[in-house]
Amino acid sequence: MTTGATVWLTGLPSAGKTTIAHELAGLLREEGNRVEVLDGDEIREFLSAGLGFSRADRHTNVQRIGFVAELLARNGVTALVPVIAPYADSRDAVRERHEANGTAYVEVHVATPVEVCSVRDVKGLYAKQAAGELTGLTGVDDPYEEPVKPDLRIESQDQTVQESAAAVHALLTERGLA
């Protein structure tokens, strides 16, 4: 049985969370680890369909993802969770669930500045917000509470995806989780 863990990658839209998670997943799988990427967009479509983007709905979404991640992690899977999770109390509740069950949890802040994210604009959200077609964009006109003490802080604009994934991998290795 391999040791499971949840690696929560939080950051603004287009920060690089999902890209880093998929790169890390490849590294971990090459080593024989069982890995699942719980992509925020897929979770919203399949597990949290019907939820909006109010604070309460965002909290519910994060708790659902946290529950699934913890379930996977305590059963030997490394759950990589690239999800914005804009509110500190929601992320704290997920961490507390893991701690209560003795399940490893690592919080990675993908701390890409909004100016860089808006240029990347992977999904076109920043352009829609700028055109007045979208409101409630995290980090622009909706809050994003940066983690105060993440286990790792990555500034993706200053390194390659491979370097970012390697940094997370090194932390997992150091903690006996990879």
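**Figure 1. Contacts across the chain of this predicted model.** Among contacts between residues at least 6 apart in sequence, 77% join residues at least 24 apart. The model is predicted, and it holds seven helices and five strands. Reading from the N terminus, you will meet the elements in the order β-α-β-α-α-β-α-β-α-α-β-α. The radius of gyration is 15 Å, close to the 16 Å that the globule rule gives for 178 residues, so the protein is as compact as a globular protein of that length. Along its principal axes, the C-alpha trace spans about 50 × 35 × 30 Å.

**Figure 2. Surface and charge of the protein.** Of the 178 residues, 46% count as buried. What does the protein show to the outside? About 8400 Å² is exposed, and carbon and sulfur atoms supply 51% of that area. For charge, look for 17 positive and 27 negative side chains. The centres of these two sets lie 4 Å apart.

**Figure 3. An aromatic pair, tryptophan 8 with tyrosine 105.** How many aromatic pairs does a search of the whole structure find? The search finds one. The ring centres of tryptophan 8 and tyrosine 105 are 6.5 Å apart and the ring planes meet at 40°, so this pair is tilted. Tryptophan 8 belongs to strand β1 (residues 5-10) and tyrosine 105 to strand β4 (residues 105-110), so the pair ties together parts that are 97 residues apart in sequence. Both tryptophan 8 and tyrosine 105 are buried.

**Figure 4. Leucine 24 in helix α1.** Helix α1 covers residues 17-30, and leucine 24 is part of it. Is leucine 24 buried or exposed? With a relative accessible area of 0%, leucine 24 is buried. Setting aside residues up to four places away in sequence, leucine 24 touches Leu80, Ala165, Val168, His169 and Leu172. Take a look, too, at glutamine 162: it is 138 residues from leucine 24 along the chain, yet the C-alpha atoms of the two are separated by 8.1 Å.

**Figure 5. Proline 82 in strand β3.** Proline 82 has its place in strand β3, a strand that runs over residues 78-82. The relative accessible area of proline 82 is 4%, so this residue counts as buried. Which residues is proline 82 in contact with, leaving aside its neighbours within four places in sequence? The list is Leu9, Lys17, Thr18, Ala21, Val37, Leu38, Asp39 and Gly40. Serine 164 sits 82 residues from proline 82 along the chain, and their C-alpha atoms are separated by 13 Å.

**Figure 6. Two loop residues with positive phi, serine 14 and alanine 85.** Begin with the loop between β1 and α1, where you will find serine 14. Serine 14 is not a glycine, although its phi is positive at about 70°. At 14% relative accessibility, serine 14 counts as buried, the cut-off being under 20%. Next comes the loop between β3 (78-82) and α4 (88-100), which holds alanine 85. Alanine 85 is not a glycine either, and its phi is positive at about 45°. With a relative accessibility of 3%, alanine 85 counts as buried.

**Figure 7. Aspartate 57 in helix α3.** Helix α3 takes in residues 55-73, with aspartate 57 among them. At 23% relative accessibility, aspartate 57 counts as partly exposed; a buried residue would have to be under 20%. Not counting residues up to four places away in sequence, aspartate 57 touches Leu51 and Gly52. Valine 122 lies 65 residues from aspartate 57 along the chain, and 23 Å separates their C-alpha atoms.

**Figure 8. Glutamate 42 in helix α2.** To finish the tour, turn to helix α2 (residues 40-46), where glutamate 42 lies. Its relative accessibility is 46%, so glutamate 42 counts as partly exposed. How far apart are the C-alpha atoms of glutamate 42 and threonine 173? They are separated by 28 Å, with the two positions 131 residues apart along the chain.

Methods:
Residues numbered from 1 in each chain as written. Predicted model: local features only at pLDDT ≥ 70, side-chain atom pairs only at ≥ 80, totals over all residues. Heavy atoms only, no water. Helix = DSSP H or I, 4+ residues; strand = E, 2+ residues; numbered from the N terminus. Rg over C-alpha atoms; globule rule 2.2 N^0.38 Å. Buried < 20%, exposed > 50% of the residue type's maximum accessible area, 1.4 Å probe, protein only. Contact = heavy atoms within 4.5 Å. Areas by Shrake-Rupley, 256 points an atom, 1.4 Å probe, with all protein chains shown as cover. Lys, Arg positive; Asp, Glu negative; His and termini not counted. Charge placed at Lys NZ, Arg CZ, Asp CG, Glu CD. Phe/Tyr/Trp six-rings, centres within 6.5 Å; stacked < 30°, edge-to-face > 60°.
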